[in-house]
Amino acid sequence: MNKQEEKNAVVCVTGASGYIASWLVKLLLQRGYIVNATVRDLDDQKKTQHLLELDGAKERLHLFQADLLKDGSFDGGVEGCDGVFHTASPFFIHSDHPQEDLIDPAVKGTLNVLSSCSKVPSIKRVVLTSSVAALLYNGLPLTPEVVVDETWFSNQQFCRETKMWYPLSKTLAEEAAWKYVKEKSIDMVTINPGLVIGPLLQPTLNTSAKAILSLINAPTYNNITVGCVHVKDVANAHIAAFEMPSANGRYCLSESVVHFSDIVQILRELYPSFNLPEKCADDAPITRYQFSNEKAKSLGINYTLLKQGIKETIESLKEKHYL
């Protein structure tokens, strides 16, 4: 897309009040786009105020109310758009009602948005925010030699048996999306980030920032290995995936793969005064693996280093008085 086209391009961002989406709106406005942003409740200032305060919002930001579970809810937001970024999907790890809390909003919501897109001929491409959670859990053992790439899909049965409801929701949503866009000939690209870190624009605490925050004053750290990536890099990858004609398929985004003990170590170096856990929550062996960055390189993303991302997360949590 050339600069002039960009200036006049209209795009929709669903779930715009969220962590990644807020950054996406900010960077799209910076680039001159007209942005239609959907939120669940227009009267909730926690969802809208930080968006309305962004540079360029007065001139080029339009807010729409939309609900993932309501048919036709996104029609107004995507009408007349050149592109759609579908980021709206619940993200939390534990749920007693996974079907209602996670799976329905993820799957039905995605199909709802795509259904609205299918009625708008001007839409050139849809960029869907997925997750590495839709890649990682195919039941194969993860070892240091294993390189996870975009050809991997999490196994639904394995996710159900192990009660990994969030990965299941992302896997079902992405698989349903690929099936739908194939039937309707919609051009779609998915972005599959790891644990997203970096500063918060929204006033509420999101799940990934909470994961970092919960290490402070904790007796132990979880025995979890995660791919980490900076929120700004994720937002830029979404925009590149929309603007580059050659972008296609899925893009796995992870600057580095670390165990929670590594995150604790970085926090210890950066903030010696913090009370941080010394031991792991269990004695199970630590899993190590790698993510392929080959395909993501083609989007031109220069990753922000993990240490920088963690520092910016903590400084942002201080600024928002969570610390």
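**A walk from helix α14 to a small set of landmarks**

Let's begin with helix α14, which spans residues 306-319: its 14 residues reach 20 Å from the first C-alpha to the last, close to the 20 Å expected at 1.5 Å a residue. Please keep in mind along the way that this is a predicted model.

Which residues of α14 are buried? They are Leu306, Gly309, Ile310, Thr313, Ile314, Ser316 and Leu317. Looking down the axis of α14, you will find these buried residues within an arc of 160°, so they line one face of the helix. The spacing fits a general rule: an α-helix has 3.6 residues a turn, so residues three or four places apart point the same way. Several elements help to cover the buried residues of α14, including the strands β8 (195-197), β10 (225-230) and β12 (256-259), along with the helices α10 (207-213) and α12 (260-270). After α14 comes His321, which has a positive phi, near 65°.

From α14 we can step across to Phe274, which sits in the loop between α12 and β13 (279-280). Is Phe274 buried or exposed? Its relative accessible area is 18%, and buried means under 20%, so Phe274 counts as buried. Leaving aside residues up to four places away in sequence, Phe274 touches Ile216, Ile314, Lys318 and Leu323. One of these, Ile314, is already familiar as a buried residue of α14. Phe274 also lies 7.6 Å from Asn217, C-alpha to C-alpha, although 57 residues separate the two in sequence.

Now turn to helix α3 (residues 45-52), where Thr48, His50 and Leu51 are buried. Viewed down the axis of α3, these residues fall within an arc of 165°, so they too line one face of their helix. On the other side of α3, Gln45 and Lys46 are exposed. The cover over the buried residues of α3 includes α2 (19-30), β2 (34-39), α4 (57-60) and β3 (61-65).

Our last stop is an enclosed space. The structure holds one cavity of 30 Å³ or more, and the largest cavity contains about 50 Å³ of space. What lines the largest cavity? The residues are His86, Ala88, Ser89, Thr110, Leu128, Thr129, Ser130, Lys170, Ala173 and Glu174. Two elements, β5 (125-129) and α9 (165-184), each give two or more residues to this lining, and α9 gives the most, with three. Sorted by class, the lining has three nonpolar, five polar and two charged residues.

Notes. Residues are numbered from 1 along each chain as its sequence is written. This is a predicted model: local features need pLDDT of at least 70, side-chain atom pairs count only at pLDDT 80 or more; totals for chains, interfaces and linings use all residues. Side-chain values use heavy atoms; hydrogens and water are left out. On a 1 Å grid over the protein atoms alone, a cavity is a set of points where a 1.4 Å probe fits but cannot get out, and a pocket is an open set with protein on both sides within 12 Å along at least five of seven lines; lining residues have an atom within 4 Å of a point. Grid points are joined across faces, edges and corners, and a volume is the space filled by probe spheres set on the points. Helices (H or I, at least four residues) and strands (E, at least two) are DSSP runs, numbered from the N terminus. Ala, Val, Leu, Ile, Met, Phe, Trp, Tyr, Cys and Pro count as nonpolar, Asp, Glu, Lys and Arg as charged, and the others, Gly among them, as polar. The expected span of a helix is 1.5 Å times one less than its number of residues. Buried means under 20% relative accessible area, exposed over 50%, partly exposed in between (1.4 Å probe, protein chains only). The arc is that of the directions from the helix axis to the C-beta atoms. Contact means heavy atoms within 4.5 Å.
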